[in-house]
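Reader: I should like to learn how the features of a two-chain model are read. Could we proceed from the chains to their contacts, and then to single residues?

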Amino acid sequence: MSKSLQQKNTHYFLIWLPFVLLVGTLLFYVMLSMHVHHMQKKQLELKQANISNALITKPDAIAWHIFGEYDIVKGTPIPSDRLSEPRDTSIFYADNKQWVAFNICTKQYSVKGVPYQLTTYISSKEITHLIIKVFIAEAFIFVLLLGAVVIINRKSSGVLWRPFYTTMKRLKEYDINKNQSLQLAKKTGISEFDQLNQVIANLINEVNQAYSNQKQFVENASHELQTPLAIIRSKLDLLINTPHLTEETARLLGDITDANDRLSQMNKNLLLLARIDNNQFPEQTGINIAELIEKLLVYYRGYYDEDLPLIRKSVQRDIYWVANFSLIEILISNLINNAIVHNTPNGWVDIQLKNNELIIENTGYSIAGETDQLFERFKKGREQSKTTGLGLSLVKQICHLYQFDLQYTYTENIHRIRVGFEQIQAS
Amino acid sequence: MKLLVIEDEPSLLESIIQYFHQEKFVCETAGSLHEGIRKIEDFQYDCIILDINLPGGSGLQLLKYLRQNKKGDGVIIISARDSLDDRIAGLDLGADDYLTKPFHLSELNARVKALIRRKYAEGSSTMELGILKADLPSRTIKAAGQQISLSKIEYDLLLFLMTNKNRVVSRRAIAEHIYDGPSEQVPSFDFIYSHIKNLKRKLKEKGCNEIIQTVYGLGYKLSL
């Protein structure tokens with residue numbers, strides 16, 4: 001599962017940082033203890049030096065024993081291997097009835113030939129308390145540090161990656177069909193993102209160029225085809241008027257004429273597709289869809305006469321699209337014409353225009369192949385040589401241009417095409 | 001009637017000339033812009049059929065020149081360019097009609113005749129052909145004095161056949177002529193059959209039997 005960059009980053013920090021901090025804390029404790037021992041040893045030695053000095057210079061004026069401070073003993077009761085090194089011990093205080101930990105150190109001196117042993121005391125209780133307090137403070141600071149690092153990291157990565165997210169948003173909005181150029185910031189303040197934007201901009205430029213060349217090629221090719229098509233058509237018009245045509249030549253001429261007509265129609269549709277691709281239909285007006293459907297139905301009633309299937313319709317009258325009139329006329333007439341032509345005997349067509357959808361249903365034979373390819377260029381539902389295979393791709397292209405949602409479904413001999421749109425109220 | 005055809009594609013030019021010769025037009029031709037301009041300076045034509053893409057420049061330049069010199073020759077543009085802008089540009093400069101390639105010669109013929117009728121035969125807005133008589137402003141056709149009741153499509157159909165009398169007119173040409181829906185999307189011409197059938201029946205009722213013949217699978221011909 002993919003996580004966001006920020007989550008991933010925080011995740012790593014939360015795994016590794018506490019570990020690092022724990023090791024750091026242990027190290028800190030060990031070092032702190034070592035320093036404390038060293039300090040106590042120095043203090044004990046200082047006390048030894050002071051008291052032994054007093055003992056040697058004024059042996060009579062000094063107290064032999066001060067509780068918790070020092071002991072002076074005549075003779076050598078402590079074996080020599082325990083001298084000089086600090087030792088741990090504890091002393092019972094009768095006032096508040098508790099044992100207190102002490103650090104002691106014993107050294108041996110000789111005053112006028114008599115050996116003495118001097119033991120100095122330093123309480124280790126306070127220093128232990130200090131260690132604990134320092135340690136707690138340190139742990140608290142470490143936790144604070146952990147939180148701060150995570151928060152700062154999140155904040156800074158949000159700021160650092162902002163150009164990246166901006167670029168990504170722009171790329172998401174980019175649509176090659178709309179022939180727009182992509183505007184990316186040249187100076188983001190971060191050289192990697194500057195480079196990224198530069199690379200993307202170059203790529204998009206190249207893609208745009210290639211796409212526009214291709215579109216231009218289709219348009220030019222279609223235009224150039226018109227003249228030879230016109231020549232063939234005019235020659236055929238002359239040919240069918242030559243006297244003494246035999247039935248055989250007439251049949252051949254008929255086939256050639258049909259093929260040429262299909263070619264002309266296909267070329268016209270290709271040209272139209274190319275022109276839509278090239279944004280050559282910029283003019284827009286508010287179009288009343290109910291009126292347009294009514295007008296088209298009048299055409300079809302006139303043309304198809306008794307061949308027309310039963311047409312039912314329920315249309316909402318106040319629906320307007322803001323679009324190019326020619327294109328919308330082509331869109332709707334293609335859909336209705338399709339529903340009429342690809343019908344069954346005694347079939348029907350049902351047209352519904354509602355708040356945000358236009359649904360055209362008709363009876364018809366099942367479609368061979370994938371239904372989602374139906375709107376691709378040169379895909380035909382059934383082997384019908386008379387169609388150009390471009391009608392529905394025109395529909396798709398026009399829907400795409402105006403961001404209409406186009407859906408096709410087929411269930412039990414009923415074809416259903418739905419065009420979803422956002423209702424715009426004409427004022 | 002005098003006709004000037006300015007078209008750089010010799011093969012297409014030849015077809016047009018051949019067709020209009022049969023219609024008893026006197027035809028002149030030009031293959032380039034300058035040749036065209038020379039011809040319109042020397043003569044006046046009833047109708048000029050003008051291609052846009054010509055060697056030496058755009059046909060629109062010729063049109064501009066023509067109108068600037070107050071010449072009233074009728075002009076029909078034939079062009080491979082079929083966008084609305086191209087049409088508007090042509091008509092704005094004073095063209096009388098605009099036909100996109102590829103076109104049917106029968107359609108061009110109908111356009112030329114309609115133009116000539118509009119321009120020169122102001123008084124006579126009727127077209128007579130044997131016992132058939134069409135009254136154009138009221139869109140009615142009489143057979144031997146009796147009015148035939150025709151639907152809009154049947155009227156257009158009969159008039160188109162009358163304009164192209166004694167010629168085989170292909171079904172496609174008829175379909176494109178009478179269809180006035182979205183220009184790019186002419187529905188399949190199967191719908192012609194039933195209209196021809198009805199028209200034949202109505203003509204038969206008025207005593208004009210067999211004047212429309214079906215020519216194999218190619219099209220229809222009205223002969224009187």
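**Reading the model, feature by feature**

Author: In chain B, 57% of the contacts between residues at least 6 apart in sequence join residues at least 24 apart. The model is a predicted one.

Reader: What is the corresponding share for chain A among contacts between residues at least 6 apart in sequence?

Author: In chain A, 65% of such contacts join residues at least 24 apart.

Reader: How many helices and strands does each chain have?

Author: Chain B has eight helices and 14 strands. Chain A has eight helices and 12 strands.

Reader: What percentage of each chain is buried?

Author: Of the 224 residues of chain B, 41% count as buried. In chain A, which has 427 residues, the buried ones make up 21%.

Reader: What confidence values accompany the prediction?

Author: As a general caution, predicted coordinates should not be read in detail where pLDDT is low. For chain B the mean pLDDT is 87, and 94% of its residues reach 70 or more. The model as such scores ipTM 0.88 and pTM 0.67.

Reader: Let us turn to the interface. How many residues of each chain are in contact with the other chain?

Author: An interface is often sized by the accessible area lost when the parts come together. Here the description is by residues: 34 residues of chain B are in contact with 42 residues of chain A. On the chain B side, the elements giving two or more residues are α1, α5 (105–120), α6 (152–163), β12 (168–170) and α8 (191–205) of chain B. The largest share of that side, six residues, comes from α1(B). By class, the chain B side has 14 nonpolar, 14 polar and six charged residues.

Reader: How does one describe the packing of α1(B) against a helix of chain A?

Author: Two packed helices are described by the angle between their axes and the distance between the axes. Helix α4 (residues 191–239) of chain A packs on helix α1 (residues 10–22) of chain B at an angle of about 30°, and their axes are 9 Å apart. Since angles under 35 degrees count as roughly parallel, α4(A) and α1(B) are therefore roughly parallel to each other. The crossing in which α4(A) passes α1(B) is left-handed.

Reader: Which residues make this contact, and how do they divide by class?

Author: From α4(A) come A230(A), I231(A), S234(A), K235(A) and L238(A), and from α1(B) come S11(B), L12(B), S15(B), I16(B), Q18(B) and Y19(B). The residues of this contact between α4(A) and α1(B) divide into six nonpolar, four polar and one charged.

Reader: Within chain A, at what angle do α7(A) and α8(A) pack?

Author: α7(A) and helix α8 (residues 391–401) of chain A pack at an angle of about 140°, with axes 9 Å apart. These two helices, α7(A) and α8(A), are therefore oblique to each other. α7(A) passes α8(A) in a left-handed crossing. In α7(A), L327(A), I330(A), L331(A), N334(A), L335(A) and N338(A) meet G391(A), L392(A), L394(A), V395(A) and I398(A) in α8(A). By class, this contact of α7(A) with α8(A) has eight nonpolar, three polar and no charged residues.

Reader: Which backbone features deserve attention at single residues?

Author: Most residues other than glycine have a negative phi, and most peptide bonds are trans. K97(A) has a positive phi of about 50° although it is not a glycine. K97(A) lies in the loop between β3 (87–93) and β4 (98–111) of chain A. N346(A), also not a glycine, has a positive phi of about 60°, and belongs to the loop between α7 (325–341) and β9 (348–354) of chain A. In chain B, the peptide bond from K101(B) to P102(B) is cis, with omega near -5°. P102(B) is placed in the loop between β7 (97–100) and α5 of chain B.

Reader: Are K97(A) and N346(A) buried or exposed?

Author: A residue counts as exposed if 12 or fewer other C-beta atoms lie within 10 Å of its own. K97(A) is exposed, because it has 7 other C-beta atoms within 10 Å. N346(A) has 8 C-beta neighbours inside 10 Å and so counts as exposed.

Reader: Where is T188(A) found, and which residues does it contact beyond its neighbours within four places in sequence?

Author: T188(A) is in the loop between α3 (162–173) and α4 of chain A. With 19 other C-beta atoms within 10 Å, T188(A) is partly exposed. Leaving aside neighbours within four places in sequence, T188(A) is in contact with P163(A), F193(A), D194(A) and N197(A). T188(A) and P163(A) are 25 residues apart in sequence, and 6.2 Å apart in space from C-alpha to C-alpha.

Terms used. Residues numbered from 1 in each chain as written. Chains lettered and ligands numbered in written order. Predicted model: local features only at pLDDT ≥ 70, side-chain atom pairs only at ≥ 80, totals over all residues. Axes fitted to C-alpha atoms, helices over the stretch in contact; angles between N-to-C directions. Parallel < 35°, antiparallel > 145°, perpendicular 65-115°, else oblique. Left-handed = near helix turned anticlockwise from the far one by under 90°. Contact = placed C-beta atoms within 7 Å. Nonpolar A, V, L, I, M, F, W, Y, C, P; charged D, E, K, R; others polar. Buried ≥ 20, exposed ≤ 12 C-beta atoms within 10 Å, placed from the backbone. pLDDT = per-residue confidence, 0-100.
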